[in-house]
Structure formats: structure tokens, C-alpha cells
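Hi everyone, thanks for coming. I'd like to walk you through one structure today, starting with a small piece of it and then stepping back to the whole. Please have a look at it first.

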Amino acid sequence: MTTSVASHLDRTALNFVERTHKMLINGQWVGAASGMTFPTYNPATGQVLSHAAEGDKADVDAAVRAAREAFDHGPWRKFTASERGRMIWKLADLLEQHTEEFATLESLDNGKPLAVARVADVPLAVDLLRYMAGWTTKIEGNTIPISVPYTPGARYHAFSLREPVGVVAQVIPWNFPLLMAAWKIGPALAAGCTIVLKPAEQTPLTAIRLGELIQEAGFPAGVVNIVTGFGETAGAALAAHPDVDKIAFTGSTEVGKLIVHAATGNLKKVTLELGGKSPNVIMKDADLDIAIPGAASAIFFNHGQCCCAGSRLYVHKSHFDKVVEGISDEAKKICVGPGWEPGTQLGPLVSEEQLRRVKGYIDAGLVEGACASTGGRQIGDTGYFVEPTVMINTHKDMKVVREEIFGPVVTVMKYDTLEEVIELSNESTYGLAAGIWTNNLARAHQLAAAMRAGTVWVNCYNIFDAALPFGGYKESGWGREMGHNAIDAYTETKAVCMKVA
């Protein structure tokens with residue numbers, strides 16, 4: 001890392017980056033069994049940022065053994081619900097105390113603006129952990145009055161228990177590395193599970209540093225294990241491992257389908273938070289002073305590297321030209337640069353591979369007849385920067401409209417009737433999120449009910465809260481993150497029936 005990059009950044013984070021990082025297995029920091037490491041890259045420069053242990057099947061086996069031992073025989077199962085809650089809360093406090101360090105690591109590793117990581121990624125992770133800490137004492141069963149017709153006169157005491165599912169594998173993506181780690185480990189720890197976490201190979205640093213805080217918070221050895229490595233090796237080994245009781249994955253729909261197949265070996269439970277191609281609808285009665293910047297934020301936030309990005313913008317025909325002009329102006333005003341530079345609003349894409357993918361989709365759209373109202377080009381030849389791009393003259397059969405790009409590229413299309421925009425919005429294999437901009441409350445309810453999406457935002461976008469469930473319909477996944485639904489995903493229900501008379 002160059003001196004110019006490092007000059008004004010958090011010194012603790014910079015010292016951490018300079019290390020070669022190991023994996024957390026059974027309470028110890030260890031290298032890969034193979035002895036191999038891999039580089040991570042600074043997406044703003046394309047230069048090597050740090051190195052991490054390249055875990056594979058042997059390391060996954062060791063981590064799963066540790067998690068199984070901790071679940072079956074370790075002290076974790078003997079902790080009271082209150083004790084678990086206090087420990088998770090302590091982890092949240094430690095993370096909050098290291099906000100600047102984690103924000104810096106996230107910016108260097110992922111490319112996102114430091115200012116955004118400070119006010120969004122780290123605080124949301126802290127809030128999620130605290131929310132889940134509160135759930136530990138509220139995971140309850142029920143008493144159930146039963147009637148058994150073939151045992152007349154007998155009396156029973158029947159009840160249900162909610163128990164942790166066991167050893168869970170968790171595979172997280174590179175777009176929100178710290179936040180996704182919190183979304184995964186929070187409910188699993190609250191439920192009493194033990195964990196093997198695999199961060200994305202592009203962005204392992206905050207997960208590794210979080211592992212150090214997990215140790216500082218006092219979690220017993222083996223409760224949380226962190227294996228760094230590649231999806232094709234470490235990730236695949238986790239998905240297929242016979243001693244893993246559940247796998248939770250956030251990432252692409254293509255990889256999610258592979259995980260489902262791998263999980264059939266022992267029929268492990270699976271939750272998936274996958275891709276999206278989310279419709280964002282500006283209605284005839286929308287306040288354009290709110291809707292235009294809102295629609296721009298819906299696609300350009302986090303460089304468009306959001307599974308729920310509002311990438312299909314449908315505009316009533318009466319406003320089409322004004323909205324295209326407005327969102328293009330918003331795109332042109334965005335300050336693009338390295339995440340650590342003050343004033344940066346949009347950083348680089350995460351990797352050269354992602355840059356090639358986004359450029360490929362833009363080029364394909366142009367070949368198919370679309371045109372860029374603004375943007376469409378790579379910025380410079382250092383780092384992985386691409387211009388915020390607004391594409392018009394698009395239609396539903398184009399790749400840029402159908403497929404997830406995962407970059408700052410929005411397609412803008414006009415519509416006439418409510419029935420038409422409902423059909424267009426739902427004409428997708430995905431169903432993660434949707435946006436509606438309107439001043440008509442009845443129309444908002446009507447359209448929200450018609451949307452086949454797990455989250456519908458009205459006159460806002462990208463609003464997340466630890467209490468609000470998040471997940472998708474159709475090929476956008478199975479299950480929900482956050483809220484009490486996430487706790488449900490990490491517990492089993494046991495029925496107990498006792499004859500008392």
C-alpha cells in the first residue's frame with residue numbers, strides 16, 4: 001500500500017493490513033494445512049493489499065470438528081440464554097469501539113467510501129448484534145392442549161421446545177463483508193448454534209478482525225471458526241460436509257443452486273439470500289423532486305453492488321424524459337474515487353473480474369440497441385472504476401434488463417397503465433426487492449400487494465433495520481435474514497408429550 005493511501009487512515013487498521021492473516025479454528029489462529037496463502041487486492045489501485053491463509057477441505061474438516069465438539073460437549077450449550085445475550089452484546093460494544101478501524105478495513109478491502117462504512121456498515125452491524133442479543137431470552141416454545149380420540153380418559157401435558165439446529169456453515173459475500181458477517185453470526189449465536197464462517201476471498205479482512213473481537217468477548221473455543229479461502233474449495237467443502245447441520249449462503253443465484261445440490265448429501269437445512277433485478281416504479285403522481293434522487297440512490301449506492309439494487313427503473317410515460325434527464329444529472333454529479341478520499345461517493349468495483357462483468361453487460365446492451373444517456377465507460381486505467389450509467393432505449397428481452405449486473409447501471413423504461421407496470425415488474429426470475437414512488441396511498445398499497453418481492457419500499461429505498469426481515473421470492477432465495485424470522489432459521493422445533501393421568 002502506498003504512503004499516499006496510508007497517510008491519513010486509521011493506524012491500527014493499516015498495521016492489521018500489513019500482516020499475513022491466519023484462520024480461527026478451535027480458538028487458535030492457524031495457517032492453512034497446505035501452508036498456502038492468497039493475496040487480496042485494493043480495488044482502487046489493483047495492487048496487493050494483504051495476504052490470507054488459503055483454507056481448503058482439510059481446514060474445513062478441522063473447523064467443523066471444532067464446531068461439533070463445541071456444540072456437543074463444550075461449555076456453550078451450558079450457557080444460560082442471558083449469558084449468551086450478554087456475550088453477543090459485549091461483541092457489539094467491542095465492534096462499536098473499533099468503528100474507525102473496521103470502516104477503514106472495509107473501505108480498503110471492498111472499495112466503498114470510508115464515510116459510508118462509518119455511518120452504515122459498522123453501525124448496522126453493531127445494531128444487528130444488539131438486536132439478536134435481546135432475542136436469546138425470548139426463544140420460546142408453547143404448551144399445547146391436545147385431544148387424542150383413541151385414548152379416551154387419558155390426560156397429557158404437551159409442549160414444544162425451540163432448540164439450536166447445531167453446527168452451521170455460513171458463507172458471506174464481498175459487497176457488505178462486515179455487515180453480512182453480523183447478519184449471519186448474530187442469530188446463530190443467539191439460538192445457541194456453533195459456526196464455521198467463510199468470508200469471500202475478495203474481502204476477508206473484517207471477518208478475520210471480527211474473529212479477534214469474538215475471542216476478546218470471551219466466546220469459548222470452537223463456537224465461532226473462520227476459514228478463509230476460495231468458494232470452489234473451502235466453500236464447496238462446507239456445503240457438502242456431512243457434519244454440518246445447516247448452511248446459510250449469501251451470494252449469486254448460480255452458486256446458491258450449487259449449494260442446494262451439495263447439501264443433499266445429508267439433507268442439511270439451507271437458507272439462501274441470492275440475486276435480484278429489482279424493479280423501481282415512478283408513478284404518474286410521484287413527487288419527482290424526491291423520486292429522481294431516490295431512484296439514483298437505489299441503483300448507485302454501494303457502486304450498484306447490492307443484490308436489491310433498483311436496476312430496472314419503470315417511469316410513467318408522462319415523466320419519462322424528465323426522469324431520464326434528472327437521474328442522468330444525478331449520475332454526473334457523483335464523485336467517483338478511492339474510498340479513502342474525502343468526498344468520494346462512489347468507489348471502485350470490488351475486483352477486475354467484476355469490472356469485466358459490468359463492462360460486458362454495458363457493451364452487450366449497446367450492441368442490442370440500447371444507448372447510454374450518461375456513463376458507460378471505465379474510468380482510468382488504475383483500479384476498477386466505472387462510470388455511473390443510465391441506459392435508455394431498452395426493452396424487457398435485453399440482457400441488461402433481464403440479468404443481474406451488480407454494478408452502477410440502471411435501465412430506464414416507460415409504461416402507461418398500472419396493470420402494465422405490474423406485469424413488467426414481476427416478469428423476472430428474481431423477487432428480492434421493489435420500489436414504488438407515489439403520493440397515492442391506495443395505489444401504493446395496491447402495487448405493493450401485487451409485487452412478487454420480499455421487500456417493497458415506498459417513497460424510499462435501501463432502508464434496513466435489524467427487526468425487518470429481508471429475503472426473496474422466486475430465485476432470490478429461501479428464508480429471511482434479520483427479524484425473528486432469522487432466529488427461526490437457526491432453531492429446530494421439538495414436540496414433547498407426557499401422559500399425566
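**A small sheet, then the whole protein**

Let's begin with an open sheet of 3 strands, which runs in the order β1-β5-β4 with mixed pairing. The strands at its edges are β1 (20-21) and β4 (37-41); each has a single partner strand, so one side of each is left without a neighbour in the sheet. I should say right away that this is a predicted model.

How do β4 and β5 pair? Strand β5, residues 48-53, pairs with β4 in the antiparallel sense, over 5 bridges. As a general reminder, strands of a sheet pair through backbone hydrogen bonds, either parallel or antiparallel. If you want a spot to zoom in on, phenylalanine 38 stands opposite alanine 52 in β5.

Now let's step back. In total, the protein has 17 helices and 22 strands. Its C-alpha trace spans about 75 × 65 × 40 Å along the principal axes. For 501 residues, a compact globule would have a radius of gyration near 23 Å, and the protein has 24 Å, so the two agree.

What about the inside? Of the 501 residues, 57% count as buried. If we take contacts between residues at least 6 apart in sequence, 73% of them join residues at least 24 apart.

And the outside: the accessible surface comes to about 20,000 Å², and carbon and sulfur atoms account for 53% of that.

Last, for the electrostatics fans, there are 45 positive and 54 negative side chains, with the centres of the two sets 6 Å apart. Thanks for listening!

Technical notes
Residues are numbered from 1 along each chain as its sequence is written. This is a predicted model: local features need pLDDT of at least 70, side-chain atom pairs count only at pLDDT 80 or more; totals for chains, interfaces and linings use all residues. Side-chain values use heavy atoms; hydrogens and water are left out. Helices (H or I, at least four residues) and strands (E, at least two) are DSSP runs, numbered from the N terminus. The radius of gyration is taken over C-alpha atoms; the globule rule is 2.2 Å times the number of residues to the power 0.38. Buried means under 20% relative accessible area, exposed over 50%, partly exposed in between (1.4 Å probe, protein chains only). Contact means heavy atoms within 4.5 Å. Accessible areas come from the Shrake-Rupley method with a 1.4 Å probe; for residues, only the protein chains shown count as cover. Lys and Arg count as positive and Asp and Glu as negative; His and the chain ends are not counted. The place of a charge is taken as NZ of Lys, CZ of Arg, CG of Asp or CD of Glu. Two strands pair if DSSP finds at least two bridges between them.
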